Amino acid sequence: MKKKIVIIGGGFAGLNIAKTLSNVENFDITLVDKVNYNFFPPLLYQVATGFLESSSISYPFRKMFSKSKNIRFWLGELMEINQSENKITLSNGELNYDHLIIATGTTTNYFGMENVKRNAIAMKTLEEALNMRNILLQRIEAASISKNPEEQQQLMTIVVAGGGPTGVELSGMFAEMSKNIIRKEYPELEHITNTKIYLVDGANALLGPMSIKSQQYTLEAIKELGVEVKLNAQVVDFDGETISFKDGSTIKTKNLIWAAGVTAMRFNGLSEQSYGKANRLIVDEYNKVKGTKNIYAVGDTAFMDSDKSFPNGHPQVAQVAMQQGKNLAKNLLNIESNKPKKVFIYNDKGSMAIIGRSKAVVDLPKPKIHFKGTIAWLAWLFVHLMSLSMPRNKVNTIYHWALAYFTKNSSLRMIIRPDKKQ
């Protein structure tokens, strides 16, 4: 009898499990996700800023697995887990399982600040990226017809909270857009000189997990682009017009982009003992959730401390999710074949971040190498292009990148919103 495997979440981890087990006769797989497509989070910021179209970084699950005989897709959301009956309740039905795999990734963490949650602009999903693009374009249009200098300044000033790769990449992109696009396409705003782009973070350095050399180069490069960096600056409130910091300082703006933290999700049916810091599920060296017999967690939502090189858990990055997904899939095959399971050990391939045009940083652990500038920028482009899920995504992306590079512009800045009646 075929084993029923239910995968919750079609991100890097869930997708790699499904691909590895595709067309394996012994498994009947159901992939559950609350959207009907896979997307590539590292390039969300380029959709949000109008340099890539959403189809360049996304692909429908059903199309992706149309040739897989043992994979079915279910559009829904996990509501509850019934461990005693090996059953889950979804927002629109129920499923039985022999193995349940939770690969739900993370969601934006506002650290309990309700005003920030209500008024800031998030960018964790494709919908949020498109929403950001619409909001910022609408505010630029509003500034272009406003007769109030103070209102214009608030509409045009952008604050990015979070000094990780996403925050650095966003602020760098905004700075280049301000120089190369806004001044050309919005002549009504030529006289505005007091607007700024801020990058703020509560730590004392940008790109905290990366090398000191990368941190220093990034700080210098982002400042050269015209971004004002505020370190050791912790946001405590945002009412929609003024950002307040812990030290009492403020910034007047309508645009706070929140890239300052993430947290995993909780699910009914799992005990409190299964959760660790930031709601990550505590797993053993095989990704099995603590206190369960046949439930696994992979990727950003999993916390594993058995890997000697990462006693405080693995970083929440794509490579960890992909490697854990493949390892778990192979272990499920080993279980069926009565072969020993393989302990997960993360192969750290390095980290990278793009700052702007021909500016990036790359850190490689083995051997320990740091490089920056154009060569790092080209490496970043190549790695991200190759990581896209489908050939069509690669072709679309390289076309838009080439167009943006040679013209320093993009034609994707349309304000498109769903009909309000819908």
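A residue is called buried when its relative accessible area is under 20%, exposed when that area is over 50%, and partly exposed in between. With this definition in hand, the present structure, which is a predicted model, can be described through its aromatic rings, its charged side chains and one of its sheets.

**Aromatic rings**

A search of the whole structure finds 6 aromatic pairs. One of them is formed by Trp380 and Trp401, whose ring centres lie 6.1 Å apart and whose planes make an angle of 40°, so that the pair counts as tilted, the class left between planes under 30 degrees apart and planes over 60. Trp380 belongs to helix 10 (residues 374–387) and Trp401 to helix 11 (residues 391–407), and the pair links parts of the chain that are distant, the two residues being 21 residues apart. Both Trp380 and Trp401 are buried.

Rings also take part in contacts with charged groups. The charged end of Lys230 sits over the ring of Phe245, at 5.4 Å from the ring centre, while Lys341 lies over the face of Tyr286, 4.4 Å from the centre of that ring.

**Salt bridges**

The structure has 6 salt bridges, and three are listed here with the distance between N and O.

| Salt bridge | N to O distance |
|---|---|
| Lys196 and Glu228 | 3.1 Å |
| Glu241 and Lys254 | 3.4 Å |
| Arg266 and Glu272 | 3.0 Å |

Lys196 lies in the loop between helix 7 (165–185) and strand 13 (197–200), whereas Glu228 lies in strand 14 (residues 227–230), so this salt bridge ties together parts that are 32 residues apart in sequence. Lys196 is partly exposed, with a relative accessible area of 39%, and Glu228 is likewise partly exposed, at 33%.

Glu241 is found in the loop between strand 15 and strand 16, and Lys254 in the loop between strand 17 and strand 18 (255–258), so the pair joins parts that are 13 residues apart in sequence. Glu241 is partly exposed at 40% relative accessibility, but Lys254 counts as buried because its relative accessible area is 19%, which falls under the 20% limit.

**A sheet of three strands**

Strands 15, 16 and 17 form an open sheet in the order 15-16-17, with antiparallel pairing. Its edge strands are strand 15 (235–238) and strand 17 (250–252), each of which pairs on one side only, and the twist averages 20° from one strand to the next. Strand 16 (residues 242–245) pairs with strand 17 over 3 bridges, and Thr242 has Lys252 in strand 17 as its bridge partner.

Terms used
Residues are numbered from 1 along each chain as its sequence is written. This is a predicted model: local features need pLDDT of at least 70, side-chain atom pairs count only at pLDDT 80 or more; totals for chains, interfaces and linings use all residues. Side-chain values use heavy atoms; hydrogens and water are left out. Two strands pair if DSSP finds at least two bridges between them. Helices (H or I, at least four residues) and strands (E, at least two) are DSSP runs, numbered from the N terminus. Axes are lines fitted to C-alpha atoms, for helices over the stretch in contact, and angles run from 0 to 180 degrees between N-to-C directions. Rings of Phe, Tyr and Trp (its six-membered ring) pair if their centres lie within 6.5 Å; planes under 30 degrees apart count as stacked, over 60 as edge-to-face and the rest as tilted. Buried means under 20% relative accessible area, exposed over 50%, partly exposed in between (1.4 Å probe, protein chains only). A charge sits over a ring if NZ of Lys or CZ of Arg is within 6 Å of the ring centre and within 35 degrees of the ring normal. A salt bridge is a side-chain nitrogen of Lys or Arg within 4 Å of a carboxyl oxygen of Asp or Glu.
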